[in-house]
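Trainee: I am new to this structure and should like to examine a single part of it closely. May I put a request to you once the model is in view?

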Amino acid sequence: HRLHIHWLPESGLTILIGFAFAMLESTTAQGRAEEHAQKERYFDPVFFNLILLPPIIFESGYHLNLTLFFANLRSITLF
């Protein structure tokens, strides 16, 4: 918010940074054996659910606009 970028949430920025690092890693991994590169890129769902997901959820809840939330509470609960 210091840079006045209100159209991109922080979680979106972290996704873009992760995408950039993944692209960088994929370009540098082309010289290695494909099996070894696949083993390094293994996505552990337990690590994601226990370590990476809670900060994303808590950050979203912490920055939630309560006025808009309670104004749309009926739509949220019906969905």
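In which helix is the place of Leu 52? Please describe this residue and its surroundings in detail.

Mentor: The model is a predicted one, and Leu 52 has its place in helix H3, which covers residues 45–62. For orientation, the protein contains 5 helices and 0 strands, and along the sequence its pattern reads α-α-α-α-α. Of its 79 residues, 3% count as buried. The accessible surface of the protein amounts to about 7,500 Å², and carbon and sulfur atoms account for 70% of that surface.

Leu 52 itself counts as partly exposed, because its relative accessibility is 39%, a value between the limits of 20% for buried and 50% for exposed. On the surface, Leu 52 joins Val 46, Phe 47, Leu 50 and Ile 51 in a nonpolar patch of about 480 Å².

Leu 52 also takes part in the lining of the second largest pocket, together with Thr 14, Ile 15, Gly 18, Phe 43, Asp 44, Phe 47 and Phe 48. The volume of this pocket is about 190 Å³. Helix H1, residues 10–28, supplies at least two residues of the lining, and so does helix H3. By character, the lining consists of 5 nonpolar residues, 2 polar residues and 1 charged residue. Phe 47 likewise belongs to the nonpolar patch and to the lining of the second largest pocket.

Technical notes. Residues numbered from 1 in each chain as written. Predicted model: local features only at pLDDT ≥ 70, side-chain atom pairs only at ≥ 80, totals over all residues. Heavy atoms only, no water. Patch = residues over 30% accessible without salt bridge, like charges linked within 9 Å, V, L, I, M, F, W, Y side chains within 5 Å. Areas by Shrake-Rupley, 256 points an atom, 1.4 Å probe, with all protein chains shown as cover. Salt bridge = Lys/Arg side-chain N within 4 Å of Asp/Glu carboxyl O. Helix = DSSP H or I, 4+ residues; strand = E, 2+ residues; numbered from the N terminus. Buried < 20%, exposed > 50% of the residue type's maximum accessible area, 1.4 Å probe, protein only. 1 Å grid on protein atoms, 1.4 Å probe; cavity = no way out; pocket = protein on both sides within 12 Å on 5 of 7 lines; lining within 4 Å. Points joined across faces, edges and corners; volume = space filled by probe spheres on them. Nonpolar A, V, L, I, M, F, W, Y, C, P; charged D, E, K, R; others polar.
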